[in-house]
Every structure is written in structure tokens, then in C-alpha cells.
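Please take a moment to bring up the model and its sequence side by side. We will walk through it together, one region at a time.

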Amino acid sequence: MTEHSETVDAARARWDARSFMPDELRSDVRNLGALLGQVIAEDGGPELLADVEQLRELAIAALAGEDATLDEAEALVDSFSSTRAEQVARAFTCYFHLVNLAEEYHRVRALRARDTPAGGKQGPDTLAGAYAQLAEEIGEEEAGRRLAELEFHPVLTAHPTEARRRAISGTIRRITDLVAANDDPRLGARGRLEIRRRLLSEIDTMWRTAHLRRTKPSPIDEVRTAMSIFEETLFQILPQVYRQTDDWLNGEDRGRARPRAQAFVRLGSWIGADRDGNPNVTAATTRKAATIASDHILGALEREGTRIGLAMTLDEGTTPPSEELLALWARQRQLSDELTSTIAAEAPREPHRQVMLVIAARIGATRQRNADLAYAGAAELLADLHVVQESLRSAGALRKAHGDLQNFIWQVESFGFHLTELEVRQHAKVHAQTLAWIEDPASVPEPSVAPEEVLDVFRSISAVQKRHGVDACRRYIVSFTRGSDDIAAVYRLAAHALGSAEQAPVLDVIPLFETFDDLQAAPTVLEEMIALEPVRARLEATGNRLEVMLGYSDSAKDVGPVSATLALYVAQEEIAEWARRHGIQLTLFHGRGGALGRGGGPANRAVLAQPPHSVDGRFKLTEQGEVIAARYGNKAIAERHIDQVAAATLLASAPSTERRNAETAARYADLAARLDEVSRARFFELVHAEGFAPWFAQVTPQEEIGLLALGSRPARRGLSVESLEDLRAIPWVFAWTQARINLTGWFGLGSALAAVGDLDLLRAAYREWPLFNTLIDNVEMSLAKTDHRIAQRYLDLGDRDDLATLVMSELELTQQWVLDITEHAQLLEGRRVLGRAVQLRNPYVDALSLLQLRALRGLRSSTGGAELSPEKIEELRRLLLLSVNGIAAGLQNTG
């Protein structure tokens, strides 16, 4: 396959995406596309490559406005044999993977090019720059206090939105490494030939690897996948993030002065603990997940501690040990004379090295559960490390004290001995059923979850806390919290499981408000919640710290994207005010997904648009599915992402930010009310229409998505597609994305904007009101990934012209108003890097959509009475699922 070049959307575009494609990226895409074309021709012959190229050219021409060409492309797709259709779908999917990795690597190039010296001026979207801005507003002392209390808490989830197989991800990483190696200007001709050979080999591997999982991963498989992110990026980049800010703060004293940057990242995880609707997550799974995570972090800390110890070859004459270090060595000798004698013999007259190597050995003993040498916890390890650090300082070895050793201290502070803070989640109804069963087993003849399994979860939490520490697993999230009874039920069940409240594990029970009604009721529920005796006890023990979780996915599915966005803002505003009245240190936990219909979009912009006091230096969110790999899979990108989000978290509580958000929210309150009223009515007109649910399943691949082996969690909570109530938000979003409609990101907004009608007012709101600005920009991105012509073909699969017309008219209306408000001639005109990526991908996605439509038509005909053999149905399903995988890669969105 070759670079998308011959025809671009010239007839409708004011700017040409190719002209904004940097030469290096263009070269990488062209090179990788040519190599893929060679692999395709080698395996399938020139005829296969010709078919791929013909479909590509037709799709590009069709995007330029030639509607007849789209019909021609569809006819070509329909002419393919089943085998050829699958091969073509695989070709376009491989191409997207290659383009994605090329763009990701080019982003790394751009980050390196923009890298600022430690003493240079930092932008406000860096933590150092945010601190400088904050210090100007509130003074150095208060800014320093807030920096010291900064918290960023990403929580990894196993929500099934990563369509890519782990085997494909591994190949992508290897190809990326080769692209980076090819960038080396020192590479000679033979070196470039070798890289080309290896690239062809890896691309051939990608082509021949099955792109669909044969079986669903188990929860433990998902845990191990998450561990790969830790090992490949997070363990190394967190100290680099802290170091970057610390170097800037310390200026010319960097590397010698005491660190001013604190370890502000804490990693959470639902993987192996989130049992809401997932019967595959058991109590035993949670215990094993905690053990796997602990084993990974202790292994990493042991290796790092050993490396640092071996390099600490400081003679006692040049770097005399402190009294505290000698006392620590004496205590170490008491623990194991054999170990310390061996180390002393290998490192004579090097006391700091001796102590560090024993520390590393003790970390290894902790992993191996050797009670004689094991640390009781991370706090004990940190105490030993600080003794070494202070001894080095007192001896004048400042650079040794604050170099790799400080990085190591930051790693221990960030990850502890548990790596991730495991968070259990369960539905409130399950707790109510279990309590009813305990009181009278006959009253609940068929509980949705076995009561003994529910109780065993609390025993597992207790076991995890005893082995790995309380922080390893103390948060318990209650889905669909409706009242304080839902919180009290968790404490009652824990006491019952362990025999008494005194024997129960330490629990911070977190309410999760998901629907529109629940968000409105949140302050009342919280008021009742803090009156509960177990909650009061935890508030006293934690210094009045409380977490509250907000669900973005279900609220958007409940009332539509516009009303959900506004309702979430109001809920945060009211909860934050409630917390201030009670002197509670609030952390709002944002249950965001990757797609715009589930709270997606740039996290740093979202933080800066929040109500006053709803952030206060603490930001916690879920990182789901493909977002985990996109944000944390590459070291440079992960470092940039964390730095940006931390900067926004610090600036969110700046007086200027809070004043702007409060004033504009008040100024545009009437506008917000009108947008809410009209958009919600329009959304209800669609989703509450008689027969909507089966029509939705007919015009999208919603049912078939459930066949994808994406994750261990079922796609539904139990009922059929006759009801949307129990359809999870992920397939709801995923299905509309696949149909190129992206309805969950924009539906209802066009009608709401038209009802307001005042373009000057709307443009002023877009300039001044951060929440509205973010909403419009996110909708613009969602619209850019839609395609009217392709969407219409999906809607034609159904038999409801009224609903199809409703969707298409709202799409046209929304797009026109968004363009008018942003004053753009074309979607994403103001964000040309993103616009370039979307514009160049769209014709290739169109090709895959036509393949998917072919499969859907065949499958729908089988349900409409046509006689298809089981083999034919299986062929169609396989093609459909391959196209789902490819479209997800092309749009870089699933759920």
C-alpha cells in the first residue's frame, strides 16, 4: 500500500492535509506502506495488491465528492470472494497499525524537538510552568504547599475497549523501535538494509498473525497485560517526570539540592477486582491480582536497588559514613551475619555500597516471603533509604545523594510494595440481595451473585491487606449508589464476612453516582452517608478525606451527551460546595472512557474546565482500554501526558482559573439551562421512540460486538437488546462509532444550539466559557470522525425511515452550528495536526466500512428469513469482526 496522495478532499477543504504533513512523517508512512504492499504481494500475489489498491483509490475519489465512485467501491467489495474480502480487510487494518505507530513516533520526535532546558521558560501546560504561574498569583510559599500536596491518581481498568491483540501490540512495538533506529543519522548503507530486512520480517509477522483473539482473556490475563505497561514505561518515567520539575525548581542547584518535587502519582487498578457484572472476577482472582502486582514491583525494586548499590563505590575515606548509617549497618548485621559478611568482603571500605546491597537483598527477601530478612512495609524501606541519603549528604556527596538514589526513593513512594492500589467494585443491588439472603435465604431464591462469593471478597481484601499492606486494597466502589443504605450495606457485609466489625478489613467505601437522577441526588446521599458510624470513623482516621465517583458513561447514555456534560458540572459544583461546608478534603473520581460519549477527550483541558474547589490539587480518573496503551505505552508520550495533567491539576485551583470558571458558569447559566432542556428532549425523542432498541441493534454491529473476545467482562448486564437499560455504555458507544455515526458524542446538540439561535451569544460563550469551549471542540472532533454517506448506508439496514431521518437531520444541524460557532470552513480546521490525521485516515476507514456493511447485510438477511448455512454465517461474522478491528484502529476509538 502507498501513501494517500493522489486525491484529497480538495473540493470541500480549505486546507490540504498533505501540506501539513511533516516530511519525516510523510517519509515513514510512505516507507511502511510500500513495505506492507511488498508483503501483501509476496503472500497473496499481485492480484491481491491490485484489489487493495483499486479499493483504496475508489474510496479516496469518493471522499472528494464523487458519490457514484462510492457505489463503484461498494460494488467492488461485493464482488470479492469471502477469502478476498478478509484479506483486504486485513490489509487495511495492518496499514492503520503502521500509520498509527508512525504518527506516534513522530509525536515523540516533536516532543524531543520542543524539549526545553531545565532552566528555560516552561509553558503553562508543564508542571514547572504551572507552578510558576501559580506562584505569581498566590506567592511562592502557598504555591510550594500546593505542589507538595498535588495528587494524580490514574486507575487502570479492564473495560473491553482495546480491540488490538497483545501479539499485534508486540509487533507494533518492535516496528516502532526499528523506525526509531532508522532515524539515526550515523546509520550506514548496510545498517539501513538490515533495518529494511527486519521491518519486512516484522510487517510480514503482523500480516500473518491472527488479528482476532480466539478466546476471551481471563481477568488474570488482563492483570498481566497491565503489568507490561508498568514494566515498559511507568516504572522508569515517573521519576523522570518528578526530576524534570525538580530540576526546574532548583535551577543551578539541580542535582545537588534537596528535592522540591514530591512523588505525586499513585497508580490504581480495577483489573482483577471490578466484579460489577463480571462473574469471571472472583475473590480468588482479587487475591492473585494483588500478588502478581506486588511480585512485579518488588522484583523491579530489587533490581534497581542492586544496580544503585553496585554503582555506589564510594570509599569511606572520601565519603565517610554517618553515625546513623553505621547504626543501620549494625542492625543489618544482626539480621544476617552471613549476608553482610559476604557483601563486606566484596565491597571493603565502601559502607554506603554495603548498606544499599543489603537493602536490595531485603527487598528480594520480601518478595520471597523470607520472614528473617523481609521488610514489614514500604515505609521501613524508605526509612533505610533516607538514612543512606542523609549520610551521603553529610559527607558532601550531594550528587550521589540526589541522583539515582532520589529516583529510587520516588519509585518507592509512588508504587510502595503493592504497585497498584487495587479497587473493588460491585453493584449496589448485589449487596442488597446478599443482605436479604443472609436474613432469609428463601427470600432470594436466585441471587445474581452467589452470596458466599460476595462475602468471600471481604475475606480476600483482609488477606491482601495483611500480606501487602492496607493501601494495597482498601477502596470499595458501589455502582449505582442511590442512598446511604447502599454504603452501609458494604460495612455490614464486611462485618458479617469476618465475624465482627473489629475483624473487618479497613474500607473506604466510595459512592458511584451514574445516572442523571443519581447525580442530582448526590449531595443529599453524601449528607446521610457521613452520618454513618463506619464512615465517621474513617473520616477521623484519614483527616476528613473522602472520595466520590462520578459516572460519565451511563449519565450520557441516560440523558445524552450535552445534558450529561452539564449535569456532571453541576454535580461537581454542588458536591464541592457540600464538602467545603463540612471541612472535607474531597477527591472527585472521574469514571471517564476513551470515547467522547464516555467523557473522553483531552484530560488536561477537562480538568481546567471544572468548577471551583472540585479539583483542589487532586485528580483521579479511570484509564480504559485503548487509552491505556495510547497514553502510557510510549515513555515520551506517557511522560508528557502525566506532566500535562499534573500541570492542569495544579492550575485548576489557581484564583484566575476558579474565578473564570465561576463567572462564566454564572454568566451563561440561562444558556446552559436551554441547552440542557432542548438537547435532552431531542435525545429522548430518539431513544424513547417505540422500537428504538431493536432498530439500534439492526443498524449497527451492536450484537456482533459482543462476539469479540475483547475482555473478560460481558457486554451486557443480562437482558436482551429489547431494553437499553442493561446494555453497557461501552458497546453503546462502540456500536455507533463503528457505524461512522458517533451519535453518542453529539446527538441533541444541534437542536439545542438552533433553539438558542443567537450566534453572537454562542460565539461569545465559546470564547469565554471553558466548559462550553471544551464541549464544542470535543463534538467537532466526534463529527470529524463521522461520515454522512457511510452513516446513511448503515441506517438503511433498518426499516425505520423516521428514526434514520431524525439521526441524519440532527447530524447535519449539529455540524452546521458547530462550524458557525467555531468559524471554521471545515471540521478541525483549527487543530491541523488532529485534522490531518483524521482527514488522511477517512477514505481507508470508508473501505473497511464498506466491507463491514457487506457482512452486516448478509447477517441481517439471515435474520430476515434468508437461508444461510452455518458456514456462511461464520464467514460473515469473521469478516465483520475483522472490519471492527480495523475500523477501531483507523478511528483510534472503540468505547
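What follows moves from a strand and its partners to the nonpolar cores, then to a loop histidine, the salt bridges and two helices.

A word on the ground rules. This is a predicted model, in which local features need pLDDT of at least 70 and side-chain atom pairs count only at pLDDT 80 or more, while totals for chains, interfaces and linings use all residues. Residues are numbered from 1 along each chain as its sequence is written, and side-chain values use heavy atoms, with hydrogens and water left out.

Let us begin at strand 5, residues 508–513. Helices (H or I, at least four residues) and strands (E, at least two) are DSSP runs here, numbered from the N terminus. Six of the six residues of strand 5 are buried, so this strand is largely enclosed by the rest of the structure. Buried means under 20% relative accessible area, exposed means over 50%, and partly exposed lies in between, with a 1.4 Å probe and protein chains only. Look at the two faces of strand 5 in turn: Asp508, Ile510 and Leu512 are buried on one side, and Val509, Pro511 and Phe513 are buried on the other.

Now turn to the partners of strand 5. Two strands count as paired if DSSP finds at least two bridges between them. Strand 4 (residues 475–479) pairs with strand 5 in the parallel sense over four bridges, and Val478 has Pro511 of strand 5 as its bridge partner. Strand 6 (residues 545–551) also pairs with strand 5 in the parallel sense, over two bridges, and Leu550 in strand 6 stands opposite Phe513. If you trace the chain from strand 4 through helix 18 (residues 484–498) to strand 5, you follow a right-handed β-α-β unit. Right-handed means that, with the strands pointing away from the viewer, the path from the first strand over the helix to the second runs clockwise.

Next come the nonpolar cores. A nonpolar core is a set of buried Ala, Val, Leu, Ile, Met, Phe, Trp, Tyr and Cys residues joined through side-chain atoms within 4.5 Å. The largest one has 142 residues, of which Phe264, Phe458 and Ile642 touch the most other members. Helix 8 (residues 219–250) gives the most to this core, with 13 residues. Another core, of 127 residues, lies apart from it and has Leu25, Ile195, Ile705 and Ala764 among its members.

For a single polar side chain, try His418, in the loop between helix 15 (404–415) and strand 3 (421–427). His418 is buried, with a relative accessible area of 13%. Contact means heavy atoms within 4.5 Å; leaving aside neighbours within four places in sequence, His418 is in contact with Ala293, Ser294, Ile297, His468, Asp471 and Ala472.

On to the charged pairs. A salt bridge is a side-chain nitrogen of Lys or Arg within 4 Å of a carboxyl oxygen of Asp or Glu, and the structure holds 60 of them. One of these joins Asp28 and Arg109, whose closest N and O atoms are 2.6 Å apart. Asp28 lies in helix 1 (residues 23–63) and Arg109 in helix 3 (residues 82–113), so the pair ties together parts that are 81 residues apart in sequence. Asp28 counts as buried at 10% relative accessibility, and Arg109 is buried at 12%.

Glu194 and Arg197 also form a salt bridge, with closest N and O atoms 2.6 Å apart. Both lie in helix 7 (residues 189–208), three residues apart, about one turn of the helix. Glu194 is partly exposed at 35%, and Arg197 is partly exposed at 48%. Elsewhere, Glu421, Glu423, Arg475, Glu547 and Lys620 are linked in a network of salt bridges.

Finally, visit two helices. In helix 31 (residues 749–756), six of the eight residues are buried, so helix 31 is largely enclosed by the rest of the structure. Its buried residues have helix 22 (561–581) and helix 27 (669–687) among the elements that cover them. Just after helix 31, Gly757 takes a positive phi of about 75°. Helix 12 (residues 351–367) is largely enclosed too, because 15 of its 17 residues are buried. Just after helix 12, Arg369 takes a positive phi of about 60°.
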